[in-house]
Amino acid sequence: MQSVIKNTRIAGVCTAVPSRKVNFFETAGMFAREEIERIYATTGIAEIRAAPANMLPSDMCAAAAERLMDQLGWERSSIDLLVFVTQGPDVPLPATACLLQHRLGLSTGCAAYDVNLGCSGYVYGMWMASQLLAGSKNGRALLLVGDRSTGGLRPGDRGTVSLFGDAGSATAIERTTEDNPIYMVTGTDGRGAVHLNVKVGAVRRTIPILNKPMLDEDYEVMKQNSKVHLNGGEVFAFTLRVVPKLIDETLALAGIGKEDVDYYVFHQANKFILEHLARKMKLPEGRSPIDLEKWGNTSSASIPLTLCNKLGGILGGEKKKICLAGFGVGWSWAAAVLDMGPLAVAEVYEIPDDYPCESAPLKMPVLKGNYDDEIHES
């Protein structure tokens, strides 16, 4: 799908990361030194940020949003739209965006909804938030995007444990009288679902609450299927097959050439993939930053994290033409070409250890005895 959106601009971006660092070169027992060096050479990842068990994507995004609104001087009552993009909602219902609207003190006139997307989620979220603002009478939106990927990994899966990190982001978008067009292309191929997924935990395959013990082998299958399954070879093949065409189509829609883009900010999958992409597309040297070494692959938050960490100083001072591209789980992909900057805020914020992680204003009952009995008694 092709779209051209006018009369919106990005005012600022903040990406929040947990304080806990896991450095694979310093962590004894996880990998042999030779294996760490081999993984680092391929992925470009030496360290990740790992959220504690009580810190959810909504917490990281809330920390980023609070910081961003304070830095911009935006009144909470001035936010008209909140879009929350994650693969890790707080609860099955209500939408976590509703909990975030209350938590952040936004007005009851603010529209809020969740989007279940991963690697392409930031660009999709920008598309939705910008399009809604452009077609409304109101003026400000918060795009909150993030995942806690470390919580969904298999401890013994060396293909994922050394790859994924945690982060949340907030992007402030507002209406403007200037055209300021955003050129966007999106796409989907659900045949790729078998190559990157979590098979258990939602409505089709729920995690059962049992009134009798589960067989060890059944429990082990369920536990493994509740974690991320990743076929790295298929992800690589998909990326090289789809992303170059995606970029070409988006540039053609914008009516520009590759040399007209100041920076290409891709989803930070891994160093090997990103370097192959740049070579295959013959991108101008130095225009596609890689920002994996200290964070890992942070899923939907990787694009705003790269914008803040690698380009924050540049975008804070002047306008640049940026191409954003997210691609992965789904298969799902999205790209945008837009003018970005000068940004009033473009920073990476480390979440304090005492940050209150309590997104949901819900009191969870303490269930006693047999779960089925509790249901029948109520």
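Here are some worked exercises on the predicted model above.

The model is predicted, so to speak of a local feature we ask for pLDDT of at least 70, and side-chain atom pairs count only at pLDDT 80 or more, while totals for chains, interfaces and linings use all residues. Residues are numbered from 1 along each chain as its sequence is written, and side-chain values use heavy atoms, with hydrogens and water left out.

**Exercise 1. Confidence**

Task: Find the mean pLDDT of the protein chain and the stretch where pLDDT stays under 50.

Solution:
- Start with the scale: pLDDT is the predictor's confidence in each residue, from 0 to 100.
- The chain has a mean pLDDT of 89, and 88% of its residues reach 70 or more.
- Residues 365-378 stay under 50, and the model gives this stretch five contacts beyond four places in sequence. Contact here means heavy atoms within 4.5 Å.

**Exercise 2. The sheet of six strands**

Task: Work out the strand order of the open sheet of six strands, and say which strands stand at its edges.

Solution:
- Settle the terms. Strands (E, at least two residues) and helices (H or I, at least four) are DSSP runs numbered from the N terminus, and two strands pair if DSSP finds at least two bridges between them.
- The order is β6-β5-β7-β8-β2-β15, with mixed pairing.
- β6 (111-115) and β15 (345-350) are the edge strands; each has a single partner strand, so one side of each is left without a neighbour in the sheet.
- On average, neighbouring strands of this sheet are turned by 15 degrees against each other, direction ignored.
- Now look at β2 (residues 8-17). With β8 (residues 166-175), β2 pairs in the antiparallel sense over eight bridges, and valine 13 has threonine 171 as its bridge partner in β8.
- With β15, β2 pairs in the parallel sense over six bridges, and threonine 15 stands opposite valine 348.
- Finish with the side chains of β15. Val345, Glu347 and Tyr349 point to one face and are buried, whereas Ala346, Val348 and Glu350 point to the other and are not. Buried means under 20% relative accessible area, exposed over 50%, and partly exposed in between, using a 1.4 Å probe and protein chains only.

**Exercise 3. The sheet of five strands**

Task: Do likewise for the open sheet of five strands, then follow tyrosine 183.

Solution:
- The order is β1-β9-β14-β13-β12, again with mixed pairing.
- β1 (2-5) and β12 stand at the edges with a single partner strand each, so one side of each lacks a neighbour in the sheet.
- β1 and β9 run antiparallel and are joined by four bridges; valine 4 stands opposite tyrosine 183 in β9.
- Tyrosine 183 is 72 residues from glycine 255 in sequence, and their C-alpha atoms are 9.6 Å apart.
- Glycine 255 sits in the loop between α7 (232-254) and β12 (263-266), and is exposed, with a relative accessible area of 66%.

**Exercise 4. A helix pair**

Task: Describe how α2 and α3 pack.

Solution:
- α2 (residues 57-72) and α3 (residues 96-103) pack at about 40 degrees, with their axes 11 Å apart. Axes are lines fitted to C-alpha atoms, for helices over the stretch in contact, and angles run from 0 to 180 degrees between N-to-C directions.
- That makes α2 oblique to α3: angles under 35 degrees count as roughly parallel, over 145 as roughly antiparallel, 65 to 115 as roughly perpendicular and the rest as oblique.
- At the interface, Ser58, Asp59 and Ala62 in α2 meet Thr96, Leu100 and Arg103 in α3.
- Also in α3 is glutamine 101, which counts as buried at 16% relative accessibility.
- Leaving out residues up to four places away in sequence, glutamine 101 touches Leu82, Leu106, Ser107, Thr108 and Ala112.

**Exercise 5. Backbone exceptions**

Task: Where do the cis peptide bonds from glycine 330 and glycine 341 lead, and what are the phi values of lysine 282 and serine 299?

Solution:
- Begin with the background: most residues other than glycine have a negative phi, and most peptide bonds are trans.
- The bond from glycine 330 to tryptophan 331 is cis, with omega near -20 degrees. Tryptophan 331 is among the contacts of histidine 195, which is buried at 18% relative accessibility.
- The bond from glycine 341 to proline 342 is cis too, with omega near -10 degrees; proline 342 lies in the loop between β14 and β15.
- Lysine 282 has a positive phi of about 55 degrees and is exposed at 72% relative accessible area.
- Serine 299 has a positive phi near 55 degrees, yet counts as buried at 4% relative accessibility.
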